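Colleague: I have a predicted model open and would like a close look at one part of it. Please take me through the charged side chains, and then set them in the rest of the chain.

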Amino acid sequence: METQKYVTISDLKDVGKWETFELNHTESFETFNYKKSQPIEGKGFMINQDDMNKMVEEINKHTQKKQHLKGMGNQFGAVHIVTSESAAGSLRVGVERPKTVIGFPDSFSIGPLWKLDEKIGQSFRQEWLFENINFEQDDYEYENKFNNTLREIEDIANHVPIYIWYGNNADEQIGLRFYLYLLRENTNEIFLINSTELYKKYSASEEVLPIFHTAEIDSKNLRLFFEKNKENKPLSPERRIQFHREWEKLSQSKEVLRLWKDDKMKCVSDHHYDPLIIETIEKLHHKQGTKEFIKTGTVIGEIWTQKVAYMDYFFLEYRIRHLVYSGVLELKGIPKSMRQYSIKLR
């Protein structure tokens, strides 16, 4: 693959044209140049997901090795780290170049955090997510994206400033502590930008809807927030150590649902949202006049319209399935994704 970027299993599937080359036993893979070789014709292969994932990991290892051999001293501009790929997209549009934007493709408010800064913890989390959350993507896509983002953070040069964006929600507050822990050996100056607080500060209307996550803020506002706060003082060594300790405490937990309340992290039971889900379905049934099946996506959308805090809609869908399996709700359709099945109270 002719790419300087880290790839995922879906990237490998989308390559389009595959060619097979045979290496002599004396020829090193490191020095092999396919442009100077002829592909084998008349052979085809079936590759399963596990083997494709191994190929992805090998490609990414060699890509990172090349990056480090070239040296990271040619990295220009600030690095911005934010939780969610959606928020990263808005930052790429909103913040002027040169810059690098890293969007962590995860929702840290849900799923276990136990030893997440280690391989054993990452595998533990991936297993829980795979068994419970409908991400609606290839089996290894989450794992690939998670590992690739860790590589992007490892690749940050020591001479560039780092801006970590976050909001007043468990998802980004945990991300903030996780990133700072991953960067604990780096000597970079690190700046924090609380997007939801700045949204309150610079919002022109007092009647504006509350914002709970950086991903809900448009690119123009993100540019404004950065311009007005980019000269703030960097995070002090003392504060960095404090965040490191807070992460170490979080990483000992195996709870799967966390809330940000009164400026504090709070772990709650996995059935915390169940009463809200049932209450919402009851309201929708009342509007119907009779108990008819309702699309799961409609129920989750209704919950979001009345939300008073950040909630992960994948987790809500997981709890709806649990209520189906436990006999509280009746199911119509296949619970493959929230668009493909309907529910009603029994």
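Which side chain meets that of Arg125 in a salt bridge?

Modeller: The partner is Asp106. The two side chains meet at 2.7 Å, taken from N to O. Keep in mind that this is a predicted model.

Look at where the two residues sit. Arg125 lies in helix α4, which covers residues 119-132. Asp106 lies in the loop between β2 (99-104) and α4. They are 19 residues apart, and the pair links distant parts of the chain.

Now check how much of each residue can be reached from outside. Buried means under 20% relative accessible area. Arg125 has 0%, so Arg125 is buried. Asp106 has 8%, so Asp106 counts as buried too. In general, side chains of opposite charge can pair when their charged atoms come close.

Stay with the loop between β2 and α4 for a moment. Lys115 is found there as well. The phi angle of Lys115 is near 50°. That is a positive value in a residue other than glycine. Lys115 has 27% relative accessibility and counts as partly exposed.

Step back to the stretch before β2. Pro98 is found in the loop between α3 (85-94) and β2. A cis peptide bond joins Arg97 and Pro98. The omega angle there is about 0°.

Next, take a charged residue without a partner. Glu143 is found in helix α5, residues 141-154. Glu143 is buried, yet has no salt bridge. The nearest side chain of opposite charge belongs to Lys119, and it is 6.6 Å away. A salt bridge needs a nitrogen and an oxygen within 4 Å. Glu143 does have neighbours: leaving out residues up to four places away in sequence, Glu143 touches Asn53 and Gln126.

Other charged residues do pair. The count comes to 11 salt bridges. One of the pairs joins Asp270 and Arg319, at 3.6 Å from N to O. This pair also links distant parts of the chain, with the two positions 49 residues apart. Asp270 sits in the loop between β6 (264-267) and α10 (274-288). Arg319 sits in helix α12, residues 313-325. Their surroundings can be put side by side. Asp270 is partly exposed, with a relative accessible area of 29%. Arg319 is buried, with a relative accessible area of 1%. The pair is also part of a wider group: Asp270, Asp274 and Arg319 are linked in a network of salt bridges.

Helix α12 holds another pair. The side chains of Glu317 and Arg321 meet in a salt bridge, 2.9 Å from N to O. Both residues belong to α12 and are 4 residues apart, so about one helical turn separates them. Glu317 is buried at 1% relative accessible area. Arg321, at 8% relative accessibility, counts as buried as well.

Just ahead of β6 there is a residue to compare with Lys115. Asp263 is found in the loop between β5 (258-261) and β6. The phi angle of Asp263 is near 60°, again a positive value in a residue other than glycine. Asp263 is exposed, with a relative accessible area of 59%.

Now turn from pairs of side chains to a pair of helices. Two packed helices are described by the angle between their axes and the distance between the axes. Helix α6 (residues 170-182) and helix α9 (residues 237-250) pack at an angle of about 110°. Their axes are 8 Å apart. The two helices are therefore roughly perpendicular to each other. The crossing of α6 past α9 is left-handed. On the α6 side, the residues that meet α9 include Ile174, Leu176 and Phe178. On the α9 side, the residues that meet α6 include Phe243, Trp247 and Leu250. Charged residues take part too, among them Arg177 in α6 and Glu246 in α9.

Finally, place these parts in the whole chain. The chain has 12 helices and 9 strands. The C-alpha trace spans about 75 × 55 × 35 Å along its principal axes. Of the 346 residues, 45% count as buried. Take the contacts with a separation of 6 or more: residues 24 or more positions apart account for 68% of them.

Conventions
Residues are numbered from 1 along each chain as its sequence is written. This is a predicted model: local features need pLDDT of at least 70, side-chain atom pairs count only at pLDDT 80 or more; totals for chains, interfaces and linings use all residues. Side-chain values use heavy atoms; hydrogens and water are left out. Buried means under 20% relative accessible area, exposed over 50%, partly exposed in between (1.4 Å probe, protein chains only). Lys and Arg count as positive and Asp and Glu as negative; His and the chain ends are not counted. Contact means heavy atoms within 4.5 Å. Axes are lines fitted to C-alpha atoms, for helices over the stretch in contact, and angles run from 0 to 180 degrees between N-to-C directions. Angles under 35 degrees count as roughly parallel, over 145 as roughly antiparallel, 65 to 115 as roughly perpendicular and the rest as oblique. A crossing is left-handed if the near helix is turned anticlockwise from the far one by less than a right angle, and right-handed if clockwise.
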